[in-house]
Each structure stands twice: as structure tokens, then as C-alpha cells.
Amino acid sequence: MAKHLIFYFFCMLSSVLPAPGQQKTDLTTLVRPNIGSVHSRYFFYTPAAVPFGMAKLAPSTNGSYGNKSGWEAVGYDDRHSSIEGFANFHEFQIGGIVFAPSVGELKTTPGKLEQPQSGYRSSFDKKDEFATSGYYRVKLKDYGILAELTATKRVGFHRYTFPKTDAANLIFDIGHVMGESGPVVDAEVNYENQCVWGYVVTNPVYVQKYQQGATVKMYFFAEVSKRPKSYGTFKDDAIFEEKKNIRGKGAGLFLRFDTGSDESITIKTGLSYTSVDNARLNLQHEAKGLTFDKTKSEALKTWNNEMGRILVEGGKKEDRVKFYTGLYHALLGRGLASDINGAYPKNDGSVGQIALNAQGKPIHQHYNTDAIWGAFWNLTQLWSIAYPDYYNDWVQSQLLVYRDAGWLGDGIANSKYVSGVGTNFTGLAIAAAYNVGIRNYDTNFAYEAVRKNELESQGRIPGAGKLDVGVFVDKGYSPYIQDNTSSPELLTTGSPFGASHTLEYAFSAAAAAQYAKSLGRDADYKKLHELSTAWKGLYDPSTKFMRPKDSLGKFIPNFNPYQPWRGFQEGNAWQYTFYVPHVPQELVKLVGKDLFNQRLDSIFTVSQKNVFGGGTHIDAFAGIESLYNHGNQPNLHISWLFYFSGRPDLSQKWVRAISNEFYGTDPIHGYGYGQDEDQGQLGAWYVLSGIGLFDVRSLTTENPAFQIGAPLFDKITIQLPKALRKNKFTIQVEKEAPDSYYVDQIRLNNKAWTGWQLPVDQLVKGGVMTLSLKSNARGN
């Protein structure tokens with residue numbers, strides 16, 4: 001078996017050798033999806049997918065356990081030793097349509113991890129598992145079945161190679177809970193002439209919270225490569241032989257075959273969020289005539305092309321593995337929600353239609369998305385650098401929801417509002433897109449949406465988040481109030497997280513102010529700019545911390561800067577005091593440059609002993625009571641702040657330390673220890689730091705620019721398709737020693753470059769930036 005797997009692996013590599021003129025390295029060999037897969041979110045581990053795809057296939061080890069709070073780690077955990085099936089949908093608050101092969105007695109429930117022989121699950125050995133971007137393979141020990149997965153954008157491909165048996169089963173488990181999808185409301189599955197189709201309707205936790213009564217629907221239409229000898233349906237444990245359709249919670253269908261030794265059966269399944277007919281249409285348009293091997297080859301080629309937009313060379317192989325695995329996660333999240341014909345699920349549950357171009361194709365796509373909370377320090381910057389086409393689509397996708405339902409969504413699942421933390425930074429992300437020249441949409445309409453998001457509270461619906469924005473606009477801050485409702489996100493007169501909301505709303509107001517200024521909206525600019533200074537009112541000079549205020553405008557008593565959840569969401573005053581990203585130089589001036597540098601440097605010195613977060617404690621919230629927590633969004637700009645306090649060398653030192661120590665290459669230590677990767681955010685931060693470009697201000701200022709850091713690699717080439725950007729931008733790195741990380745000299749197009757900022761328009765224009773790295777800081 002080992003020899004067979006090795007041969008198979010090399011065959012796979014040969015199928016994706018690059019065409020002449022492409023990069024010579026097969027970048028998919030550097031992608032290791034299992035890194036950090038211990039205690040990961042449901043959408044984290046989906047190797048059989050293409051960038052931003054709808055079809056995201058993966059094994060599930062405990063996805064059927066449900067997700068009580070909607071965000072817990074569930075789906076695939078590298079520590080587990082059995083697989084319960086292969087789900088086709090993996091998104092924030094969305095999961096389902098599970099296929100599973102078995103041999104022998106038919107079992108129709110997935111079973112439990114602690115009972116390996118229960119249900120249709122099978123044990124497996126890690127040596128028999130292989131995963132990369134676009135392809136997954138595992139040997140199911142209990143059945144002697146080789147399972148393989150790959151995908152196009154909207155079509156999932158399953159290939160199951162059976163032993164010789166007269167009892168080979170394919171199980172279509174449609175009506176059971178999976179991942180973050182929440183309880184099943186309804187399901188249906190049908191069979192006819194080697195085709196299986198149906199749907200499942202679920203009610204995810206965050207949909208329940210923000211849109212009571214709303215649901216998420218998933219549809220599929222599958223073609224099976226072999227005619228079964230028999231078939232039937234089931235509902236939970238009840239089996240109905242020779243029945244072709246069934247409806248209701250727990251519904252499923254099975255096909256039974258005779259198979260020869262090493263006989264493969266392939267399932268091609270079109271997916272859709274709008275209808276079975278569109279699932280079939282997606283299948284016909286994307287997979288007609290495609291074999292499994294051809295699809296796998298195309299998926300790997302697609303990943304090579306998309307990841308190859310940022311080609312890194314040299315440096316340590318371990319760092320290249322971290323880099324491309326991080327980039328893979330950044331390109332994996334926030335997947336398609338619209339069909340090949342432009343149909344998409346609307347917020348009200350009906351089906352909408354995206355406008356078509358002269359060729360009859362949708363002018364843009366629609367996407368599901370987790371909240372953009374913190375993603376302006378990773379994802380949107382990465383999109384600006386190398387994926388402006390996706391960024392533009394993402395903006396138009398958000399505007400679809402605004403047009404349909406009247407408010408921008410903090411997060412959306414099938415256009416349903418699923419506000420993750422009850423804030424809303426979608427306006428900031430749209431403003432930043434406009435600011436860097438990504439404008440292929442109705443920019444005035446987009447501004448209307450952004451303005452409403454920042455300033456208006458009348459009629460504001462829960463899913464839009466920022467329900468306390470009215471009091472923020474009126475008072476200039478959001479008061480700290482205690483929550484007795486168990487739904488703090490729905491409070492309007494303040495928030496138990498009032499201090500962090502004030503800081504966040506000030507930042508997004510600054511971004512919207514710049515947008516207003518660009519469009520000549522002077523009155524709006526004045527109002528938004530005034531709100532952007534709200535952070536000053538929270539600064540307590542007696543403690544030199546940001547400190548929550550009550551409804552009377554007084555600082556709260558019994559203040560403990562280590563305490564999370566009291567005034568600060570998923571963090572504390574130590575962390576949030578540095579949350580003035582739009583004008584960091586003003587924060588430095590207020591605190592005092594020397595104290596600022598001393599405090600921040602000591603924070604990292606202490607935090608390094610705890611792996612810059614929660615130590616080795618496996619938990620998504622590990623580290624929220626610490627001085628610094630790289631495993632969560634509010635902290636992700638802090639290591640770059642020294643650029644605004646006269647000590648860029650300290651940023652270069654600590655960014656390199658975080659890259660080396662917080663990020664690992666094994667299943668447990670990948671992104672901290674079980675910390676929350678959130679649809680590629682931590683991976684994207686590593687990508688930005690790895691190429692040495694990052695903006696604390698998230699590209700929201702009048703002249704957007706990146707701070708220039710020390711790359712991990714010898715050469716970085718940013719090259720997009722010519723239709724998107726004519727010229728490539730290259731970063732050449734000259735090192736005094738292999739581990740040098742202090743930037744000593746910068747040259748742009750062979751001319752000395754003073755300062756630490758690279759304007760976005762310089763990167764877009766193309767050219768060569770040469771960095772000289774020393775082992776000691778400049779001037780030290």
C-alpha cells in the first residue's frame with residue numbers, strides 16, 4: 001500500500017507540471033492543509049476546493065456533533081482517527097450534503113468518535129491520508145475503500161475505489177446536522193436513473209439570533225458513474241428498501257453495488273443555494289465530460305496560477321510551507337453563493353438575478369462571508385495587492401445585500417445576516433477598496449451604503465450590527481452597560497463592549513470620512529472626521545489606558561486593564577489601548593514616544609514567553625486576558641506600530657519573532673495552538689509579513705501606503721494577469737546573514753528610497769524594490 005501511495009503521489013505531481021513561462025515550482029506541494037487543523041473551525045479544513053469556490057469537499061470527523069454556539073471547533077480534527085463521511089458544503093454557518101461509502105451492513109447514521117464501529121464512520125491511519133490545495137485522499141480502513149475528493153467552482157467530485165464485494169454502499173446523508181449549519185428544518189432526497197438530487201434546509205445559530213424564522217437552503221444534483229443493483233431511502237435508523245424518495249429531518253438515500261477488486265465509482269455533484277435545477281445547470285456547465293483525474297489536474301493548476309500571483313523564492317522551506325499554506329487559507333474562505341447563470345439567494349429567501357453582460361455571463365459573483373472584523377489587517381490588504389478582481393466582486397456582492405435588504409451585512413450566509421460579533425466593518429472595507437482604485441461598481445451607491453452603515457440607527461436591523469451606533473453618533477462614544485439579556489449584540493443604548501465599539505467605530509468613521517472627501521461630500525466628511533476622534537475621550541491619562549465610560553460619561557470604577565469582556569470584546573485594555581489604527585502617530589504623541597516604545601516592547605518581551613498568545617492551551621479564546629494575543633483580530637496591527645513611534649527596527653524584530661514562533665507547521669501548532677484562523681485571516685497576516693508589506697491604517701488614508709518590513713524570502717514577485725495589472729512588482733532582498741531581519745537600506749527602481757512607506761500606486765505601477773537586511777538595527 002505504501003508503494004502504491006508513493007507512486008500515486010508522483011503521478012499527481014506530474015499532472016500539474018507548469019506550462020512554459022509559468023513558475024517552475026509546483027506550489028501545491030508546499031500547501032499542508034493539516035497544519036493547524038486541531039481544534040479548527042468547520043470551514044478551515046476543505047482541501048478539495050478551488051479558490052473562492054462553492055464546492056468545498058472535506059472529510060468530517062465530528063461535524064455531525066452540531067455546533068451549539070455556532071462558532072466552536074467542529075468538522076475535522078487531526079487528532080481524530082475516524083471519518084464519518086465527506087461533506088460538500090463548508091462555509092461560515094453553512095454545512096451539509098454528506099456522502100459516505102461503506103461495505104457490508106448498511107448503517108444510516110454517522111456514529112460517534114468514541115465508538116469506532118458505530119454508524120457508517122470508518123477508522124483511518126494518518127499514513128494513508130494525503131491533502132493539498134485541490135485534492136484529498138484517504139484509505140478507509142474498516143471498508144478497504146480509497147476515498148478521493150476534488151472540485152470545480154460549483155461541482156464536487158468524489159471517487160471511491162472499492163474492494164471486491166457484493167455489498168458496496170453509497171450513502172447520501174442529507175437530513176442530519178453538519179458543521180455550523182444548525183438544526184435541520186427540512187430535507188429531501190430523490191433517485192432516478194443513476195442521478196440523486198435533493199436539498200436540506202437548516203437554521204444556523206447566527207441566523208436564529210439575527211433573523212428569526214429565516215433559514216439556509218442547500219441543493220444538489222449528483223450523477224453516479226455506475227448503475228446500482230438496488231437502492232432505498234432512510235430516515236435516521238429506519239430503512240426503506242426500493243423507495244426512491246423521502247422527505248423530512250434525518251432523510252437520506254443509499255445505493256448498493258457489486259464491485260470488482262479496485263473498482264472505482266465516481267460521483268459528480270452540482271451544488272447550488274437556489275434550486276435543484278441550478279445545481280444541475282452548474283453540473284452541466286462546469287463538469288460535462290470531465291473525468292475525476294482531469295478535474296483534479298485542473299484544480300491543482302488553478303491553485304498554482306492563483307497562488308503564483310505572489311511567487312516567493314529562497315529563504316527556508318519551512319517558511320515557504322507556512323506562506324503558501326497561509327495563502328491557501330486566505331483564498332479558500334468566503335466562497336461563491338451564486339450560480340453559473342447569475343442566480344443567487346436573496347435575504348428574503350427568494351432567488352435574485354445578477355445582471356448579465358453581452359456574453360450572457362454574470363457581471364460579478366455573489367459570495368458568502370464571515371464578518372470582516374479584523375480582516376482589514378490581512379485579507380483586504382492581500383486582495384488589494386494581488387486579488388483586486390476578487391475584491392471588486394466582493395464589494396458588489398455586499399452591495400447586492402444592501403440593495404435587497406437595506407443594510408450592509410456584517411457577515412452573510414446565503415444573504416442572511418449572520419453578524420459575528422455585532423459590529424460591522426463592511427463599510428471600512430468598501431471605503432478602502434475605493435481608496436486604492438478598486439472602483440468597477442456604482443461608487444455613489446456604494447458610498448450611500450457606507451454612510452448609512454456609519455451614521456444611521458433609525459430602523460437598523462439586528463443583522464446589520466452596530467446597533468449602538470446611534471448612541472455613538474449622539475454622545476461621541478458608546479457607553480459601557482451591563483447585559484442582562486444574553487444577547488449583548490442587540491443592545492442599543494450602549495454595550496458591555498462599549499469601549500472597543502467606540503474605538504472600532506472611530507476607525508471605520510475615519511475610513512468613511514476619506515471616502516466622503518474623495519466624492520466631495522464635505523458635510524459628511526466633517527461629521528465623520530469628528531467621530532473618528534472619539535477614541536480620545538476614552539484615554540485615561542491617570543492610567544494611560546483606554547478605559548470604558550458609563551452612560552454619564554464617567555470612567556468605570558474598579559478598572560483592571562487585564563480584564564476582558566468588561567468594556568472590551570474578546571480582549572482587554574492592554575490590547576485595545578493600541579486600537580487607534582487610523583492615526584497611530586497621535587496615540588504615540590498622547591502616550592509619549594518613550595513610554596509608548598518602552599511599554600510596547602516590554603509587552604512583546606513578556607508575550608514571547610507565551611507564544612504571543614494563549615501559550616500551548618488549545619482554545620480559540622486562549623490569550624484574551626494576556627498582554628498581547630496574536631490569535632485574535634484586535635491585536636493584529638500592534639507589532640507594526642513601532643513604525644509610527646520612530647522605532648521600525650522593533651517592528652521588524654517582533655514581526656519576525658511572531659512569524660517564527662506563533663506560526664508552526666504541525667496540526668496542533670499551526671496558528672498558535674487551536675486559535676481561531678477565521679477564513680484565512682491569520683494566514684493572510686503571515687503572507688503580508690512574509691513579503692514585508694503591511695499597513696496599520698488598512699489602506700484607508702488619503703495616500704494609502706504600506707509600511708516596508710523585512711521579507712522572509714530572497715525574492716518576491718507580484719505578477720497578476722495582464723488584464724488586471726500590466727507590470728509586475730519585484731522585491732529583491734540582500735541579506736548580511738541568512739537570519740538578518742533589520743532593514744538597512746531601501747532602493748526603488750535602483751534609486752535610494754527614503755522613509756518606510758511604499759505607496760500603493762507605486763506597487764500597482766510595477767518596478768523593483770531592493771531591500772538590504774542587516775543583523776543589527778540601523779543606528780544601533
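Visitor: Where does D678 lie?
Guide: This model is predicted: local features need pLDDT of at least 70, side-chain atom pairs need 80 or more, and totals for chains, interfaces and linings use all residues. Residues are numbered from 1 along each chain as its sequence is written, and side-chain values use heavy atoms, leaving out hydrogens and water. Helices (DSSP H or I, at least four residues) and strands (E, at least two) are numbered from the N terminus. D678 sits in the loop between α16 (648–661) and α17 (681–691).

Visitor: Is D678 buried or exposed?
Guide: Buried means under 20% relative accessible area, exposed over 50%, partly exposed in between (1.4 Å probe, protein chains only). The relative accessible area of D678 is 9%, so D678 counts as buried.

Visitor: Which residues does D678 touch?
Guide: Contact here means heavy atoms within 4.5 Å. Residues up to four places away in sequence are not counted. For D678 that leaves R41, F43, R334, D370 and Q633.

Visitor: Which residues are linked with D678 in a network of salt bridges?
Guide: A salt bridge is a side-chain nitrogen of Lys or Arg within 4 Å of a carboxyl oxygen of Asp or Glu. One residue that D678 touches, R41, belongs to the network. The residues linked with D678 are R41 and E180.

Visitor: What is the phi of D678?
Guide: Most residues other than glycine have a negative phi. D678 is not a glycine, yet its phi is positive. The value is about 50 degrees.

Visitor: Where is the place of N750?
Guide: N750 is also a residue other than glycine with a positive phi, near 70 degrees. Its place is in the loop between β30 (742–748) and β31 (751–752).

Visitor: Is N750 buried or exposed?
Guide: The relative accessibility of N750 is 63%. D678, at 9%, is buried. N750, by contrast, counts as exposed.

Visitor: How many salt bridges does the count come to?
Guide: R41, E180 and D678 are linked in a network of them. R79 and D77 also meet in one. By this rule the count comes to 32.

Visitor: At what N to O distance do the side chains of R79 and D77 meet?
Guide: D77 is buried, with a relative accessible area of 8%. R79 is partly exposed, at 47%. Their side chains form a salt bridge with an N to O distance of 2.8 Å.

Visitor: How many residues apart in sequence are the parts that E148 and R159 tie together?
Guide: The side chains of E148 and R159 form a salt bridge, N to O 2.9 Å. E148 lies in strand β8 (residues 145–151) and R159 in strand β9 (residues 155–162), so the pair ties together parts whose separation in sequence is 11 residues.

Visitor: Are E148 and R159 buried or exposed?
Guide: The two residues lie in strands, β8 for E148 and β9 for R159. Both of them are buried.

Visitor: How many residues apart in sequence are the parts tied together by E263 and K226?
Guide: These side chains meet in a salt bridge at 2.8 Å, N to O. E263 lies in strand β18 (residues 263–272), K226 in the loop between β13 (216–224) and β14 (230–235), so the pair ties together parts separated in sequence by 37 residues.

Visitor: What is the relative accessible area of K226?
Guide: Its partner E263 is partly exposed, at 24% relative accessibility. K226 is also partly exposed. Its value is 23%.

Visitor: In which strand is N169 found?
Guide: N169 is buried, with a relative accessible area of 0%. Residues 165–173 make up its strand, β10.

Visitor: What separates the C-alpha atoms of N169 and E105?
Guide: N169 touches several residues, including E105, G104 and F162. N169 and E105 are 64 residues apart along the chain. Their C-alpha atoms are separated by 8.8 Å.

Visitor: What percentage of the span of residues 31–272 is strand?
Guide: UniProt lists these residues, in an unreviewed entry, as "domain: Glycosyl hydrolase family 92 N-terminal". Its annotations may be inferred rather than shown by experiment; positions follow the numbering used here, and feature names are shortened. The end C-alpha atoms lie 28 Å apart, and helix makes up 2%. Strand makes up 48%.

Visitor: How far apart are the end C-alpha atoms of residues 278–774?
Guide: UniProt places "domain: Glycosyl hydrolase family" here, in an unreviewed entry. The chain over this span is 38% helix and 11% strand. The end C-alpha atoms are separated by 57 Å.
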